[in-house]
Amino acid sequence: LDAESWKEKGNIAFKNGDWDEAYKCYTRALKQTKEDTPEKAVYYKNRAAVHLKKNEYNEARDDCTVALDIVTNDPKALFRRCQALEALEKYEEAYRDARQIHTVDPGNKAIQPILERLHQVVQERIRQNAQTTNKTILNSLSGMDNKPDSKPQSELCQENKNEIDTMLTCLVYATTSRTISGLARDALMELLTRNIHYSALNWAEHLVEIHGLRRLMEVASELEEYKYESSMEITSSTRTISSVCLARIYENMYYDKTRARFLNSVDDYIKDKLITPDIESKVRVVVALTTLLLGPLDVGNTIVSREGIMEMILVMAGTDDVLQQKVACECIIAAASKRDKVHSIIKQGVDILKKLYQSKNDNIRVRALVGLCKLGSSGGIDASIRPFSDGSTTKLAEACRRFLINPAKDCDMRRWAVEGLSYLTLDADVKEKLVEDKDALRAMIELAKGGDQSAVYGCVTTLVNLANAYEKQEVIPEMVELAKFSKHHIPEEHELDDPDFVAKRLEILAKEGVTSALVGLSKTESQNTKELISRVFNAICCQKDLRGLVVQQGGAKVLLPMALEGTEKGKKQAAQALARIGITINPEVAFPGQRSVEVIRPLLSLLSLDCNALENFEALMALCNLAGVNETIRKRIVKDGGVPKIENYMYEEHEMLKRAATQVMTNLITSPDVVKIYEGKNDRTKLLVLLCSEDDEETNMAAAGALAVLTSASTKACKKVFQPQTWLDILHKLLANPNKDLQHRGVVIVYNMMHSCKDVAEKLVATDIMEILMALSTIKEEGKEKVWEYAGEALKAAEEWKLIRKPSEEHEEEEEDVE
């Protein structure tokens, strides 16, 4: 029996309650399956179910874990592992799996009661362990260290200037859904008494409970300036890390009630600060708001919307105090993210920002400039919305340029200038002017190479805008007409954003060395920045002539890891760029060595319903080229589950997708592993025969080519050619086709079938195929040498099977009859 048959026997035994027999059957199925295929994951899942019935929870957990290694986030495997972990009293890990099930399968009603039960258990365990777990980091953040000889928080921070950054970074890692490992674990081990395996939600809710969130807000309100006495020492990165930490905590608040508690805690902190009349408290509130607006944006916008908050910020911006002006400008920039806020700020604050731009202090001027840039770009790429008068964005861009290219300005001011450009370059007029400004482009790239993450983000965002690589909303003509009828505003695209202008900008950027700069910038740890870099690479790879330059400058090498790890959109962009490279350039050149195998997984990820038809098509074309390289690559495509994914598109109604998928299969089918798949109990060969009769000639060519290769390698496949009722008509169509290449493939198929076995040959001889072969073997047209040669060889095979007689034998028999 094969593995699938053992599984079916196991299923029957399981339904009958014969756990021992079911276990044996699933184990035999596993032993017969050497490769890590989705089917093997099913056998592990089923065996785990048997272990659960036998109360063997450790074994059930282990089998589910192996299944999940093969098929990530499989709901059944997660569910069974969750049951096993709960039985083993590993509640935090069970809760993690329950949450993951809810994420990947929101409609799963069976997990809801388990999720609620585990949530209560985990919360109770947290409360019981609150005094002993994570003492150092949580008490440091909450300002409560129970050790009698412990030092005040300020003294602890003064001992190590980077301690707060370290603790915040640890919290960022701690509030992920994964178990802490690597550098994050090492850092935590120094700060904590033991290793932690709490889930993100445990950390997030626990921080709120012990007032850790309030302590984080204190950190978020700190300034690097020493005008006010600081309670702790911070670095230039503290605000960024704080915003990420706050955002991560908020994102991991699973229920609306917990998010409401987060907001209430922040609200209480703001109110307490504003009760005191001194200016310092107000300054710290504005700094904290800026941090929130960079992190959990929903919370920041909610607080800024409170009555009197925006008015307070604008009043501070209008004072003569440089520090108040600075923090107010930064908050205005961060707040101008929602359209209602933009309208409010434009109405009340533009004159204030213009006045601040006249300041003699460059730090104030550049912040005011960025504030004006962000307000001026609030229309986005909609050419019909211009908050300021025509030409204003170009003037603002020129002001940013002066800050950027001036070597006398410090790095911070140039960073602000790039941020201004990252907003303004949504305007096509600014794009056209900036892309030809070589000095500005080089200054921007050099700034990004300096390593400041905030500078890198602004630079790469500007490049995304120049390349029109930002996310665009799909325009549906029917919806546009409906919007016109309803008198809704319809966005207008600028004429300078037409494809021809975009292609020209991409060519200039590529030739200015942006591709090599992106290779250097891709070393960043920020996944969002990597997504932007992938977008620029993908935009450049849209241009066929620039793909060689991308490969030459190391783009393919850095795209591969970005296609495997990062944000979902970032991975998709990087994978599509790799597909485009693989279409145009010889895979052995574009992806030398092991890279040609590693690129398969990203390409297969594009064969998904979540991807559009263009992404599907480009992935199939690249896979077709790769599959033609060597057997190692073909085996890897099979191992990674590529065959069923590719076959799905052979059923597609979309002509080009069907054609591309069939072409991939033509190259894949030269692999013995794929031949074995086609020899199994399935209709794959039948589909291939039917595809030979498609209206699209190129699809016919690919299908006939695949069938010719398959029938040459497998007698079983030759027998399966007879499965469709129309098999004879299809062979007729191939043999009589005016296209000599298609006719050649048809003759080879018949030749292979005639040589395979006597039974197949008898079925062919019983039809008019023999007459067609005789005709083809005698008509020796130029260019059809292979056709008449294979036709003659097919006839010889029939003679060897003694199904037909040689012409000479027939003549001798006739003479005997005459006598």
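The protein chain comprises 50 helices and zero strands. The model described here is predicted. Of the 819 residues in the protein chain, 51% are buried. Its accessible surface amounts to about 39,200 Å², and carbon and sulfur atoms account for 49% of that area. When contacts between residues at least 6 apart in sequence are considered, 69% of them join residues at least 24 apart.

Helix H3 was examined in some detail. This helix covers residues 38-53, 16 residues in total, and extends 23 Å from its first C-alpha to its last. That span is close to the 22 Å expected at 1.5 Å a residue. Because 12 of the 16 residues of H3 are buried, the helix is largely enclosed by the rest of the structure. The buried set consists of Lys40, Ala41, Tyr43, Tyr44, Lys45, Asn46, Arg47, Ala48, Ala49, Val50, His51 and Leu52. Lysine, arginine and histidine side chains thus appear in this set, as Lys40, Lys45, Arg47 and His51, together with residues such as Val50 and Leu52. The partners against which the buried residues of H3 pack are four helices, namely H1 (3-15), H2 (19-31), H4 (57-70) and H5 (75-87).

The segment that follows H3 contains a backbone feature of note. Asn55, located in the loop between H3 and H4, adopts a positive phi of about 60° although it is not a glycine. Most residues other than glycine have a negative phi. A second asparagine with a positive phi is Asn468, for which the value is about 55°. Asn468 is placed in the loop between helix H26 (453-466) and helix H27 (477-485). With a relative accessible area of 8%, Asn468 falls under the 20% cut-off and is therefore buried.

Two further helices, H32 and H18, were considered with respect to burial. Helix H32 (residues 555-564) has seven of its 10 residues buried, so it is largely enclosed by the rest of the structure. Gly555, Ala556, Val558, Leu559, Leu560, Met562 and Ala563 are the residues of H32 concerned. Just after H32, a positive phi of about 135° is found at Gly566. Helix H18 (residues 309-317) is likewise mostly covered, seven of its nine residues being buried. In H18 the buried positions are Ile309, Met310, Met312, Ile313, Leu314, Met316 and Ala317.

The packing of one helix pair was also characterised. Two packed helices are described by the angle between their axes and the distance between the axes. Helix H38 (residues 631-639) packs against helix H41 (residues 672-679) at an angle of about 40°, and the two axes are 9 Å apart. This angle makes H38 oblique to H41. On the H38 side, the residues taking part are Glu631, Lys635 and Val638; these meet Pro672, Asp673, Val674 and Ile677 of H41. An α-helix has 3.6 residues a turn, so residues three or four places apart point the same way. The H38 contact residues Glu631, Lys635 and Val638 may be read with this periodicity in view.

Two individual residues illustrate contacts made across sequence separation. Thr711 belongs to helix H43 (residues 697-713) and, at 4% relative accessibility, counts as buried. Outside the residues up to four places away in sequence, Thr711 touches Cys718, Val721, Ile749 and Asn752. Val750 is 39 residues from Thr711 in sequence, yet their C-alpha atoms are 8.8 Å apart in space. The side chain of Thr711 also forms polar contacts with the backbone. It reaches the backbone oxygen of Leu707 at 2.7 Å, and a polar atom of the Thr711 side chain lies 3.1 Å from the backbone oxygen of Ala708.

The second of these residues, Ala399, lies in helix H22 (residues 392-405). At 5% relative accessibility, Ala399 counts as buried. Its contacts, leaving aside neighbours within four places in sequence, are with Tyr357 and Leu369. Leu369 is 30 residues from Ala399 along the chain, and the C-alpha atoms of the two residues are separated by 7.9 Å.

Conventions:
Residues numbered from 1 in each chain as written. Predicted model: local features only at pLDDT ≥ 70, side-chain atom pairs only at ≥ 80, totals over all residues. Heavy atoms only, no water. Helix = DSSP H or I, 4+ residues; strand = E, 2+ residues; numbered from the N terminus. Expected span 1.5 Å × (residues − 1). Buried < 20%, exposed > 50% of the residue type's maximum accessible area, 1.4 Å probe, protein only. Contact = heavy atoms within 4.5 Å. Areas by Shrake-Rupley, 256 points an atom, 1.4 Å probe, with all protein chains shown as cover. Polar contact = N/O pair within 3.5 Å; in protein donor to acceptor, adjacent residues only side chain to side chain. Axes fitted to C-alpha atoms, helices over the stretch in contact; angles between N-to-C directions. Parallel < 35°, antiparallel > 145°, perpendicular 65-115°, else oblique.
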